[in-house]
Amino acid sequence: YRERRGRVVNLSRGGLYLETDSPSPVGTKLTIRFTLPAFSNTIYANGIVTWLNDAPAARATQLPKGMGVKFVETPLVSQKTIALYVMLSKDVVRIT
């Protein structure tokens with residue numbers, strides 16, 4: 001177990017993009033904890049790293065260095081909170 005910090009740059013019902021200087025390898029299973037603006041509860045989500053954005057790719061995608069994470073086996077309350085937040089925010093959310 002190793003705790004890492006990052007910043008959620010993009011959020012959808014299916015996953016998120018996490019800006020981090022030390023992304024985990026593709027295939028790594030993660031437990032993610034984050035909060036959303038206007039929601040008081042902490043979101044707990046399980047995910048798997050599906051792609052990496054290293055320095056050369058980051059320039060091409062215009063995303064900061066980090067990793068794409070697909071949600072898997074995430075608690076229902078977290079799924080519903082994410083879905084509501086995305087719906088209220090009109091499609092994909094950019095959190096800054």
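**Exercise 1.** Is Tyr17 buried or exposed, and what is its relative accessible area?

*Solution.* The model is a predicted one, in which local features need pLDDT of at least 70 and side-chain atom pairs count only at pLDDT 80 or more, while totals for chains, interfaces and linings use all residues. Residues are numbered from 1 along each chain as its sequence is written, and side-chain values use heavy atoms, with hydrogens and water left out. The classes are set as follows: buried means under 20% relative accessible area, exposed means over 50%, and partly exposed lies in between, with a 1.4 Å probe and protein chains only. Tyr17 has a relative accessible area of 3%, and therefore belongs to the buried class.

**Exercise 2.** State how many helices and strands the protein has, and give their order from the N terminus.

*Solution.* Helices (H or I, at least four residues) and strands (E, at least two) are DSSP runs, numbered from the N terminus. There are two helices and six strands in the protein, and the elements follow one another as β-β-β-β-α-β-α-β. As for burial, 35% of the 96 residues are buried. The accessible surface, computed by the Shrake-Rupley method with a 1.4 Å probe (for residues, only the protein chains shown count as cover), comes to about 6300 Å², and carbon and sulfur atoms hold 54% of that surface.

**Exercise 3.** Find the aromatic pairs and describe where the partners of each pair lie.

*Solution.* Rings of Phe, Tyr and Trp (its six-membered ring) pair if their centres lie within 6.5 Å, and planes under 30 degrees apart count as stacked, over 60 as edge-to-face, and the rest as tilted. By this rule there are two aromatic pairs. Tyr17 and Trp51 form a tilted pair, with 5.3 Å from centre to centre and 35 degrees between the planes. This pair links distant parts of the chain, since Tyr17 is in strand 2 (residues 15-19) and Trp51 is in strand 4 (residues 43-53), 34 residues apart. Whereas Tyr17 is buried, Trp51 is partly exposed, with a relative accessible area of 36%.

The rings of Phe39 and Tyr85 have centres 5.8 Å apart and planes at 75 degrees, so this pair is edge-to-face. Phe39 lies in the loop between strand 3 (29-34) and strand 4, while Tyr85 lies in helix 2, so the pair ties together parts that are 46 residues apart in sequence. Phe39 is partly exposed at 22% relative accessible area, and Tyr85 counts as buried at 11%.

**Exercise 4.** Work out how strand 4 pairs with strand 3 and with strand 5.

*Solution.* Two strands pair if DSSP finds at least two bridges between them. Strand 3 and strand 4 pair in the antiparallel sense over six bridges, and Phe34 has Ile43, in strand 4, as its bridge partner. Strand 4 is also joined to strand 5 (residues 66-71) by six bridges, and these two strands run antiparallel; here Ile48 stands opposite Lys70 of strand 5.

**Exercise 5.** Which residues do Ser24 and Pro75 touch, leaving aside neighbours up to four places away in sequence?

*Solution.* Contact means heavy atoms within 4.5 Å. Ser24, in the loop between strand 2 and strand 3, is buried with a relative accessible area of 5%, and touches Arg4, Leu30, Val49, Leu52 and Met67. Pro75, in the loop between strand 5 and helix 2, is partly exposed at 35% and is in contact with Tyr44 and Asn46. The C-alpha atoms of Pro75 and Tyr44, 31 residues apart along the chain, are separated by 7.2 Å. For the whole protein, among contacts between residues at least 6 apart in sequence, 57% join residues at least 24 apart.

**Exercise 6.** Describe the phi angles of Ala38 and Glu73, and the setting of each residue.

*Solution.* Most residues other than glycine have a negative phi. Ala38, however, has a positive phi of about 75 degrees although it is not a glycine; this residue lies in the loop between strand 3 and strand 4 and counts as exposed at 87% relative accessibility. Glu73 likewise has a positive phi, near 45 degrees, and is placed in the loop between strand 5 and helix 2, where its relative accessibility of 75% makes it exposed.
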